[in-house]
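User: I would like to go through this model in a series of questions, with the reasoning set out for each answer.

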Amino acid sequence: MTQCCINPSILSADFVNLEAELKRISNADAVHVDVMDNHFVPNLTIGLPVVQRIQAVSPVPLDAHLMIADADRWAPGFADAGLASVTFHAEASIAPIKLARELRNRGAKAGMALRPSTPVEPYLDMMSELDMLLIMTVEPGFGGQAFLDVTLPKIRRARAAIDGSGIGVAIQVDGGITEETITRAAEAGANVFVAGSAVYGAEDPGAAIDRLREAGSRSLRNATAE
Ligand code: DX5
Ligand code: ZN
């Protein structure tokens, strides 16, 4: 059965106390680190030096989500920093196959992200070059937005194509994931769930992760049983 992973986003954490905030999610599968350049998205977060410090102290592996222009130039540096997984946006890459290979060659898992309105079909033939496909379920840039149900058919089509070709690519969803929306995303075929406000907005982030994992795993089991 496909494994259900919960990756909390530190976008909703207290940026002044990141080390303590990381300890609160030590039962997570990975920590989702949102890198924004105020160019690809209208918001600015952190860059490679801060990500390297997070990598040095984090109890769980890092899953970087690069919302930056010119990914071909900047993404490999994040793989060189030893991150477990590096995801770039298809819309920000001129040569996504070359870039995915470069990330893998540098020891990271290669992820590629699609904005809500970017179709998956032009990329289906390159799925074997990826470890993870990230289907954005909000417009990238900000935490706390509502889940876009309009992305569900794309998740379903991507899952069908991936399963049909027998390759083991994870499907990550990011944006508006709660105990309620995780069910729909998992039933559509996602298996890696990013949650910012649902985890860090909870009184006990660790317990919120457990609840999300339970809801996600239940829906994945139901989807497999169908
Ligand atoms: C949005 C980011 C997300 C964001 C998710 O551009 O990529 O990772 O932090 O936050 P929530 O879970 O609050 O929608
Ligand atoms: Zn993200």
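User: In which loop is Thr 118 found?
Analyst: The model is a predicted one. Two strands flank Thr 118, namely E5 (109–114) and E6 (132–136). Thr 118 is therefore assigned, by the DSSP runs, to the loop between strand E5 and strand E6.

User: Is Thr 118 buried or exposed?
Analyst: Not counting residues up to four places away in sequence, Thr 118 touches Glu 91, Tyr 123 and Lys 154. Its relative accessibility is 12%, and the limit for the buried class is under 20%. Thr 118 therefore counts as buried.

User: What separates the C-alpha atoms of Thr 118 and Met 136?
Analyst: Thr 118 lies in the loop between E5 and E6. Along the chain, Thr 118 and Met 136 are 18 residues apart. Their C-alpha atoms are separated by 9.4 Å.

User: Which residues are the protein donors of the zinc ion (ligand 2)?
Analyst: Donor atoms must lie within 2.8 Å of this metal, and the protein donors here lie 2.1 to 2.3 Å from the zinc ion. Along the chain they follow the spacing H-x1-D-x30-H-x108-D. One pair of them links distant parts of the chain, with Asp 34 in strand E2 (residues 31–36) and His 65 in strand E3 (residues 62–67), 31 residues apart. The protein donors are His 32 (NE2), Asp 34 (OD), His 65 (ND1) and Asp 174 (OD).

User: What arrangement do the donor atoms around the zinc ion (ligand 2) make?
Analyst: There are 6 donor atoms around the zinc ion, and they subtend angles of 70 to 173°. Six donors count as octahedral if opposite ones are over 155 degrees apart and all others lie between 65 and 115. The angles around the zinc ion therefore make the arrangement octahedral.

User: Why do the residues that UniProt lists for "binding site", His 32, Asp 34, His 65 and Asp 174, gather at one spot?
Analyst: These four positions come from an unreviewed UniProt entry. They span 143 residues in sequence, yet they gather at one spot because no two of their C-alpha atoms are more than 10.6 Å apart. Of these residues, the lining of the second largest pocket includes Asp 34, His 65 and Asp 174. The value that bounds their C-alpha separations is 10.6 Å.

User: Is Asp 34 buried or exposed?
Analyst: Asp 34 is found in strand E2. Leaving aside its neighbours within four places in sequence, its contacts include Ser 9, Thr 45, His 65 and Asp 174. At 7% relative accessibility, Asp 34 counts as buried.

User: With which side chain does the side chain of Asp 174 make a polar contact?
Analyst: Asp 174 is placed in strand E7 (residues 170–174) and is buried, with a relative accessible area of 8%. Beyond its neighbours within four places in sequence, Asp 174 is in contact with residues including His 32, Asp 34 and His 65. The polar contact, at 3.1 Å, is with the side chain of His 65.

User: Where does Gly 175 lie?
Analyst: A second UniProt "binding site" feature, also from an unreviewed entry, includes Gly 175 among its positions, and the lining of the second largest pocket takes in Gly 175 from this set. Gly 175 is buried, with a relative accessible area of 10%. Leaving aside neighbours within four places in sequence, Gly 175 is in contact with Thr 137, Val 138, Phe 147 and Val 194. Gly 175 lies in the loop between E7 and helix H6 (181–188).

User: What is the relative accessible area of Ser 197?
Analyst: Ser 197 has its place in helix H7 (residues 197–200). Not counting residues up to four places away in sequence, Ser 197 touches Ser 12, Gly 144 and Ala 202. Ser 197 is partly exposed, with a relative accessible area of 40%.

User: Which backbone oxygen does the side chain of Ser 58 reach?
Analyst: Ser 58 is placed in the loop between helix H2 (48–57) and E3. Ser 58 is buried, with a relative accessible area of 14%. At 2.6 Å, the side chain of Ser 58 reaches the backbone oxygen of Val 60.

Methods:
Residues are numbered from 1 along each chain as its sequence is written. Chains are lettered from A and ligands numbered from 1 in the order in which they are written. This is a predicted model: local features need pLDDT of at least 70, side-chain atom pairs count only at pLDDT 80 or more; totals for chains, interfaces and linings use all residues. Side-chain values use heavy atoms; hydrogens and water are left out. Donors are N, O and S atoms within 2.8 Å of the metal (3.2 Å for Na, K and Ca); water is not among the atoms, so sites may look incomplete. Four donors count as tetrahedral if all angles lie between 85 and 135 degrees; four count as square planar and six as octahedral if opposite donors are over 155 degrees apart and all others between 65 and 115; anything else is irregular. Helices (H or I, at least four residues) and strands (E, at least two) are DSSP runs, numbered from the N terminus. Buried means under 20% relative accessible area, exposed over 50%, partly exposed in between (1.4 Å probe, protein chains only). A polar contact is a pair of N or O atoms within 3.5 Å; within protein, one must be able to donate a hydrogen and the other to accept it, and residues adjacent in sequence count only if both atoms are side-chain atoms. UniProt positions are given in the numbering used here, feature names are shortened, and annotations may be inferred rather than shown by experiment. On a 1 Å grid over the protein atoms alone, a cavity is a set of points where a 1.4 Å probe fits but cannot get out, and a pocket is an open set with protein on both sides within 12 Å along at least five of seven lines; lining residues have an atom within 4 Å of a point. Contact means heavy atoms within 4.5 Å.
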